[in-house]
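Here's a quick briefing to read alongside the model. Two topics come up: one arginine and its surroundings, then some aromatic rings.

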Amino acid sequence: MKHRSPAAPLLLPFITFGIYSIVWYVKSKVEMNTRGAGIPTAWLILVPIADIWWMWRFAAGVEGVSGMSRHGAFWLLLLLGPIGAAVVQSSINGSAAARGQKVMY
C-alpha cells in the first residue's frame, strides 16, 4: 500500500470541504482490494444508511491489511471522521513498514 501522511486525511478535508475524505476512502479501498479485501463500490458512500454498511466493510479491509481491529477502525471512522482517518492511515503505514514494503510518498 502507498505510504501517505496521516496529516493528509486529517487536514485536507477541511481545506477541500470534505472532498478529500471521499478521495482518501476511494484510493485506500482500491489498494486494499488489490490485497483481497473485497470492499464494494465506493458509490455507496453517497447513499444514506448504505454508507454505514460500506464503512463497516472498509473497516474489515483495514483489519485485513493492517491488523487493526475492525471494530476500532469502524468506530474511529464513524465517530471521529478526519481524526479517525488519520489514525487508520497511521496504522496502515505502520503495517506496511513492518512488512518491509517499499515506502512511496
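What follows is a short tour of those two topics.

Keep in mind that this is a predicted model. On the arginine side, R4 sits in the segment before α1 (7-15). On the aromatic side, searching the whole structure turns up 7 aromatic pairs.

**R4 and its surroundings**

- R4 has 11% relative accessibility, so R4 counts as buried, the cut-off being under 20%.
- The side chain of R4 makes a polar contact of 3.1 Å with the side chain of E31.
- Leaving aside residues up to four places away in sequence, R4 touches Y20, W24, K27, S28, E31, Q89 and N93.
- That puts E31 on the contact list of R4 as well as in the polar contact with R4.

**Aromatic rings**

- Among the 7 aromatic pairs found in the whole structure is the one between W56 and F74, which is edge-to-face, with 5.4 Å centre to centre and 75° between the planes.
- W56 belongs to helix α3 (residues 50-66) and F74 to helix α4 (residues 70-80), so this pair ties together parts that are 18 residues apart in sequence.
- How do the two partners fare on burial: is F74 buried or exposed? At 8% relative accessibility, F74 counts as buried, whereas W56, at 26%, counts as partly exposed.
- There's also one aromatic cluster formed by W24, Y25, W54 and F58.

**Where the topics meet**

- W24 links the two topics: W24 is one of the residues that R4 touches, and W24 is also a member of the aromatic cluster with Y25, W54 and F58.

Conventions
Residues numbered from 1 in each chain as written. Predicted model: local features only at pLDDT ≥ 70, side-chain atom pairs only at ≥ 80, totals over all residues. Heavy atoms only, no water. Helix = DSSP H or I, 4+ residues; strand = E, 2+ residues; numbered from the N terminus. Buried < 20%, exposed > 50% of the residue type's maximum accessible area, 1.4 Å probe, protein only. Polar contact = N/O pair within 3.5 Å; in protein donor to acceptor, adjacent residues only side chain to side chain. Contact = heavy atoms within 4.5 Å. Phe/Tyr/Trp six-rings, centres within 6.5 Å; stacked < 30°, edge-to-face > 60°.
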